[in-house]
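Got your viewer open and a cartoon on screen? Then let's walk through this one stop by stop, selecting as we go.

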Amino acid sequence: MVADVYRSGHARVVALLEGVPDDQWVRSVPACPDWTVRDLLAHLVGTAADVAARRTAGFAGPDWTAAQVRARAGLDVPALLAEWETHLAATAEALDERRVPAAVVGDLTVHEGDLVEALGAPRPPWDGWAPTASVLVRQVVKGIRGPQTLVVRAGGTEWRSPEDTAEGAVRSVLRVDLYELYRGLSSRRSRAQMRGWDWEGPTDPWVDGLPVHGPRDDEQPVPPPPV
């Protein structure tokens with residue numbers, strides 16, 4: 001269930017942040033350079049609070065997220081974690097009952113990766129992010145239209161854009177690690193990093209077109225595999 005994915009993501013993020021030294025809370029998050037590690041935690045807590053209260057108008061937009069961080073500027077980390085815990089059950093219930101966007105789970109999973117990469121930790125376990133990654137890949141690839149088509153092979157699965165077999169199609173084939181693909185589609189890899197993947201055929205249309213929040217040029221840290 002969607003709520004179970006959210007609960008497990010919450011547990012992993014809390015475990016990741018336990019014992020983080022004070023100087024790392026003010027570290028800038030490479031994927032979200034306007035935020036520190038603490039700011040990103042405040043956003044996750046604020047999302048849970050807003051979801052629990054059904055305040056989802058403007059979901060994930062800059063004003064919505066900035067208000068969450070601003071409202072918690074005076075809270076220390078233990079208070080932030082305690083607040084998140086108080087909203088966990090209501091957030092999970094809202095997700096299970098489909099009263100709020102399922103993208104709440106994707107937001108948590110993407111930001112878990114942001115925190116991992118900011119703190120130099122190993123990538124999250126496969127079952128924590130792979131189902132969400134697969135949904136995103138399918139949505140992006142199935143949404144491709146036009147003569148430039150794409151075949152993606154990652155994580156033991158193949159996805160093809162709908163017009164791949166059409167006459168005159170200009171096909172690109174991509175073979176890449178599923179975690180890296182997920183981060184790239186989430187606008188967490190630079191154009192140069194994406195060009196470095198295993199491609200056949202044209203590359204440039206995809207390094208600009210695949211990231212759902214637009215392309216970026218600042219290189220992002222790549223975490224080691226889980227221990």
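In which sense do S5 and strand S6 (residues 198–200) pair, and over how many bridges? Select both: S5 and S6 pair in the antiparallel sense, over three bridges. Strands here are DSSP runs of type E with at least two residues, helices are H or I runs of at least four, and both are numbered from the N terminus. Two strands pair if DSSP finds at least two bridges between them.

Before going on, a word on what you are looking at. This is a predicted model, in which local features need pLDDT of at least 70 and side-chain atom pairs count only at pLDDT 80 or more, while totals for chains, interfaces and linings use all residues. Residues are numbered from 1 along each chain as its sequence is written, and side-chain values use heavy atoms, with hydrogens and water left out.

**Stop 1: the sheet**

Stay on Val 173 for a moment; its bridge partner in S6 is Glu 200. Now add strand S3 (residues 148–154), which pairs with S5 (residues 170–175) in the parallel sense over six bridges. Two pairs to click on: Leu 150 has Ser 172 of S5 as its bridge partner, and Val 152 stands opposite Leu 174 in S5.

Zoom out to see an open sheet of four strands, ordered S4-S3-S5-S6, with mixed pairing. Strand S4 (157–160) and S6 stand at the edges with a single partner strand each, so one side of each has no neighbour in the sheet. From one strand to the next, the twist averages 15 degrees. If you show side chains, keep in mind that in a regular strand they alternate between the two faces of the sheet.

**Stop 2: H7 and its neighbours**

Select helix H7 (residues 126–142). H7 lies across S3 and S4, running at about 25 degrees to S4. Axes are lines fitted to C-alpha atoms (for helices, over the stretch in contact), and angles run from 0 to 180 degrees between N-to-C directions.

Next add helix H8 (residues 178–185): the axes of H7 and H8 come within 9 Å and cross at roughly 55 degrees. That makes H7 oblique to H8. The naming goes like this: under 35 degrees is roughly parallel, over 145 roughly antiparallel, 65 to 115 roughly perpendicular, and the rest oblique. Show side chains at the interface, where H7 residues including Trp 126, Trp 129 and Val 140 meet H8 residues including Leu 178, Tyr 182 and Leu 185.

**Stop 3: H8 against H6**

Keep H8 and add helix H6 (residues 103–119). H6 and H8 pack at an angle of about 105 degrees, their axes 11 Å apart, and are therefore roughly perpendicular to each other. The contact (heavy atoms within 4.5 Å) is made by Gly 106, Thr 109, Val 110, Gly 113, Asp 114 and Glu 117 of H6 with Tyr 179, Tyr 182 and Arg 183 of H8.

**Stop 4: H6 against H3**

Swap H8 for helix H3 (residues 37–52), whose axis comes within 10 Å of the H6 axis and crosses at roughly 165 degrees. H3 and H6 are therefore roughly antiparallel to each other. Among the residues that meet here are Leu 40, Leu 44 and Val 51 of H3, and Leu 108, Leu 115 and Leu 119 of H6.

**Stop 5: three single residues**

Is Leu 41, in helix H3, buried or exposed? Leu 41 counts as buried, at 0% relative accessibility. The cut-offs are under 20% relative accessible area for buried and over 50% for exposed, with partly exposed in between (1.4 Å probe, protein chains only). Beyond four places in sequence, Leu 41 is in contact with Leu 17, Trp 25, Val 77, Leu 80, Leu 81 and Trp 84. Put a distance on Leu 41 and Leu 80: they sit 39 residues apart in sequence and 7.5 Å apart in space, C-alpha to C-alpha.

Now jump to Arg 12 in helix H1 (residues 2–17). Arg 12 also counts as buried, at 18% relative accessibility. Leaving out neighbours within four places, Arg 12 is in contact with Glu 112, Pro 124, Pro 125 and Gly 128.

Last, pick Gln 220, in the segment after helix H10 (204–209). Gln 220 counts as buried, at 3% relative accessibility. The side chains of Gln 220 and Asp 218 are joined by a polar contact of 3.1 Å. A polar contact is a pair of N or O atoms within 3.5 Å; within protein, one must be able to donate a hydrogen and the other to accept it, and residues adjacent in sequence count only if both atoms are side-chain atoms. A polar atom of the Gln 220 side chain also lies 3.4 Å from the backbone oxygen of Pro 30.
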